[in-house]
Amino acid sequence: MYPPYYIFYHLYCNDFCLQDHLVEQMPPVSSWGKEYIVTPTPGRTVGEYYRIIASEPNTAVIVDRSDGLYETFTLGKGEFTQVNIQTGGVSGSIYADKPIMVVMFMKSQDGAQSSQVWDLLVFYF
């Protein structure tokens, strides 16, 4: 039996977040799913950024943006895309035909009015 391996993701922020950094442990691919419900952060109406990462080649993804608009695309193994979901207080969803990992980056409270694109919050689904 092989020992477990862990992958840590390091995100370094520059001037806009006081030289802070984030270090996260990546979940194993065996825990990735195919269906995700994405909900707005309580007290915020600016939406969120979601990064979608594929575990297998030719992964078909559908993003329901909660406003009646759908986005579809295909990702290769290890590829990712980032979508901007304006929730307006309503939940959206992300579906795939193969396992994906979804990571939320909370937008800055000031939204588009701010030079800071997102706050220091990263959440793995």
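The protein chain has 9 strands and 0 helices. Read from the N terminus, its elements run β-β-β-β-β-β-β-β-β. Please keep in mind that this is a predicted model. The protein chain has 125 residues, and 39% of them count as buried. It exposes about 7,700 Å², with 56% of that supplied by carbon and sulfur atoms. Now take the contacts between residues at least 6 apart in sequence: 59% of these join residues at least 24 apart.

I will start with strand S8, then go through the core, and then take four residues one by one.

Of the 16 residues of S8, 13 are buried, so this strand is largely enclosed by the rest of the structure. Which strands does S8 pair with? S3 pairs with S8 in the antiparallel sense, over 5 bridges. On that side, Glu-35 stands opposite Tyr-95 of S8. S4 also runs antiparallel to S8, and 7 bridges join the two. There, Ile-52 has Val-102 in S8 as its bridge partner. S5 is joined to S8 by 4 bridges, again antiparallel. Here Ile-62 has Tyr-95 of S8 as its bridge partner. So Tyr-95 appears twice in this account, opposite Glu-35 and as partner of Ile-62.

Next, the core. In soluble globular proteins, nonpolar side chains tend to be buried together. The largest nonpolar core here has 23 residues, and those touching the most other members are Tyr-50, Ile-52, Val-61, Val-63 and Ile-94. Which elements give two or more residues to this core? They are strand S3 (33-38), S4, S5, strand S6 (70-75), strand S7 (80-85) and strand S8 (92-107). S8 supplies the largest share, 9 residues. Ile-52, just mentioned as a bridge partner of Val-102, is also one of the core residues that touch the most other members.

Now the single residues, beginning with Thr-59. This residue is found in strand S5. Is Thr-59 buried or exposed? Its relative accessible area is 0%, so it counts as buried. Its side chain reaches the backbone oxygen of Glu-56 at 2.7 Å. Leaving out residues up to four places away in sequence, Thr-59 touches Ala-54, Phe-73, Thr-74, Leu-75, Ala-96, Asp-97, Lys-98 and Ile-100.

One of those contacts, Lys-98, is the second residue I want to show. Lys-98 sits in strand S8. Why does Lys-98 count as partly exposed? Its relative accessibility is 21%, and buried means under 20%, so Lys-98 falls just outside that class. A polar atom of the Lys-98 side chain lies 2.7 Å from the backbone oxygen of Pro-57. Apart from neighbours within four places in sequence, Lys-98 is in contact with Gly-33, Lys-34, Glu-56, Pro-57, Asn-58 and Thr-59. Glu-56 is therefore on this contact list, and its backbone oxygen is also the one reached by the side chain of Thr-59. As for distance along the chain, Lys-98 and Val-61 are 37 residues apart, while their C-alpha atoms are separated by 8.6 Å.

The third residue is Ser-55, in the loop between strand S4 (48-54) and S5. Although Ser-55 is in a loop, it is buried, because its relative accessible area is 13%. What does the side chain of Ser-55 reach? The answer is the backbone oxygen of Pro-99, at 2.8 Å. Pro-99 also appears among the contacts of Ser-55, with Val-29, Trp-32 and Lys-77, once neighbours within four places in sequence are left aside.

The last residue is Asp-64, in strand S5 (residues 59-64). With a relative accessible area of 18%, Asp-64 is buried. The cut-off is under 20%, so Asp-64 meets it. Leaving aside neighbours within four places in sequence, its contacts are Leu-69, Tyr-70, Gly-92 and Ser-93. How far apart are Asp-64 and Ile-94 in sequence and in space? They are 30 residues apart in sequence, and 6.2 Å apart from C-alpha to C-alpha. Ile-94 was named earlier, as one of the core residues that touch the most other members.

To close, back to S8: it is joined to S4 by 7 bridges, it gives the core its largest share, and 13 of its 16 residues are buried.

Methods:
Residues numbered from 1 in each chain as written. Predicted model: local features only at pLDDT ≥ 70, side-chain atom pairs only at ≥ 80, totals over all residues. Heavy atoms only, no water. Buried < 20%, exposed > 50% of the residue type's maximum accessible area, 1.4 Å probe, protein only. Contact = heavy atoms within 4.5 Å. Polar contact = N/O pair within 3.5 Å; in protein donor to acceptor, adjacent residues only side chain to side chain. Core = buried A, V, L, I, M, F, W, Y, C linked by side-chain atoms within 4.5 Å. Pairing = 2+ DSSP bridges. Areas by Shrake-Rupley, 256 points an atom, 1.4 Å probe, with all protein chains shown as cover.
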